[in-house]
Amino acid sequence: MSEISRMIVINNKNLEIQQKGNRGTPIVIVTGMGNSFDEWHEVTEALSKRNTVIMFHRPGLGRSEIGDESRTTQAVADELKELLTQLNIVEPFILVGHSYGGLCAQHFAKLYPSHLRGLVLVDSTSVDFQLLDDLTLPVLNEDSTDEAWIEKCNLYSSMNKDELSKILNPSLTRKQKQFPPEIQERLMDFQVNPTLYKAMCSEIKNWKVDAEIIKGLGDFLNLPLVVIGRDKEHCIQLGVDEGFPEWEIRIFEDKWQELIMDQVNLSSNSKLIFAERSGHLLYMDRPDVLIQSITELNSDSDT
């Protein structure tokens, strides 16, 4: 299995990509907001034994450069299309999107359905996520509104790495501590990069408008689609353990699950899976579910 990490130039800026494997149907992974592709290490190690796996850091993330342009799902779709052109990926591929990356993946899929062999949405942000903001959740919403996040990201983007390290005190999860040392180092550095927060600020400012644009693009018709959601009861218990009111968490998780279930209606050829004992970072909590789902989608497309 080969692994290539390098920079390519898109829109006159360096974009960091990682490619694992060199055979089979290409699998392209679009990470969530504020998430590194290195977090997917366990999943991509398994998938790359039989497939070519391609990941990239959007502008501002990792070593990818960012300017003053607006960060939108349309921009990500354009960058992904150019990335595939530069990598000479001409055959239909499997697109995997997590969280905000799932919103970007939906945008790409609606623009370029013929480029895809299948789509996997991993606890993906819904085009109707505005409905979550409409819930009356005084404790949960105290520090998690878009305005609060934009203010925080603006502040962080103005700091240097040393200042961010003192404020954020970056750490690794138990599973991440089992990753190779060089990946652990990259994950720690990823969290204290000021441009990460510049990117997040712009993504948050634009994502509600992006969602409305995506809704206006129609459905995927019969594109093979797998929708994977988190474990609602598991997430409710995690929230209670953190001290949040159970009634608020239950209302939020009920609506989140409803939005996940609605995503299967995007295609007439869809499948819905809920990963037991998984939170939002499903690729960390239940990598086995992702690996199996993507592998089965690849196999089904062969028949």
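## Salt bridges, cores and a surface patch

Asp-133 and Lys-208 pair up in a salt bridge, with their closest N and O atoms 2.8 Å apart. Since Asp-133 sits in helix 4 and Lys-208 in helix 8, the pair ties together parts that are 75 residues apart in sequence. Asp-133 is partly exposed, at 40% relative accessible area, and Lys-208 is partly exposed too, at 25%. Keep in mind that this is a predicted model.

That bridge belongs to a set of 23 salt bridges in the structure. Here are three of them, with the closest N to O distance and the sequence separation.

| Pair | N to O distance | Apart in sequence |
|---|---|---|
| Asp-133 and Lys-208 | 2.8 Å | 75 residues |
| Arg-230 and Asp-123 | 2.9 Å | 107 residues |
| Glu-233 and Arg-250 | 3.0 Å | 17 residues |

Take the Arg-230 and Asp-123 bridge. Arg-230 lies in the loop between strand 7 (225–229) and helix 9 (232–241), while Asp-123 lies in the loop between strand 6 (116–122) and helix 4 (130–133), so two loops get tied together. Both of these residues are buried.

Glu-233 and Arg-250 also form a salt bridge, which links helix 9 to helix 10 (residues 246–262). Glu-233 is partly exposed at 42%, and Arg-250 is partly exposed at 29%. Elsewhere, Lys-13, Glu-69, Arg-71 and Glu-79 are joined in a salt-bridge network.

Now for the inside. In soluble globular proteins, nonpolar side chains tend to be buried together. The largest nonpolar core here has 60 residues, and those with the most contacts inside it are Phe-56, Leu-80, Leu-83, Leu-95, Phe-108 and Leu-119. Helix 8 gives the most to this core, with nine residues. Phe-56 touches, among others further than four places away in sequence, Leu-15, Ile-17, Phe-37, Val-76, Leu-80 and Leu-83. There is also a second, separate core of 27 residues, which includes Ile-29, Leu-172, Phe-179 and Tyr-283.

Helix 8 (residues 194–215) turns up on the outside as well, through Val-209. Val-209 is exposed, with 52% relative accessible area, and joins Leu-111, Ile-213 and Leu-217 in a nonpolar surface patch of about 300 Å².

Last, a look at a loop residue. Thr-25 sits between strand 2 (13–20) and strand 3 (27–30), yet Thr-25 is buried, at 7% relative accessible area. The side chain of Thr-25 makes a 3.2 Å polar contact with the side chain of Asn-298. Beyond its sequence neighbours within four places, the contacts of Thr-25 include Asn-51, Thr-52, Glu-91, Phe-93 and Arg-117.

Definitions and conventions:
Residues are numbered from 1 along each chain as its sequence is written. This is a predicted model: local features need pLDDT of at least 70, side-chain atom pairs count only at pLDDT 80 or more; totals for chains, interfaces and linings use all residues. Side-chain values use heavy atoms; hydrogens and water are left out. Patches are made of residues with over 30% relative accessible area and no salt bridge: like charges are joined within 9 Å, nonpolar side chains (Val, Leu, Ile, Met, Phe, Trp, Tyr) within 5 Å. Accessible areas come from the Shrake-Rupley method with a 1.4 Å probe; for residues, only the protein chains shown count as cover. A salt bridge is a side-chain nitrogen of Lys or Arg within 4 Å of a carboxyl oxygen of Asp or Glu. Helices (H or I, at least four residues) and strands (E, at least two) are DSSP runs, numbered from the N terminus. Buried means under 20% relative accessible area, exposed over 50%, partly exposed in between (1.4 Å probe, protein chains only). A polar contact is a pair of N or O atoms within 3.5 Å; within protein, one must be able to donate a hydrogen and the other to accept it, and residues adjacent in sequence count only if both atoms are side-chain atoms. Contact means heavy atoms within 4.5 Å. A nonpolar core is a set of buried Ala, Val, Leu, Ile, Met, Phe, Trp, Tyr and Cys residues joined through side-chain atoms within 4.5 Å.
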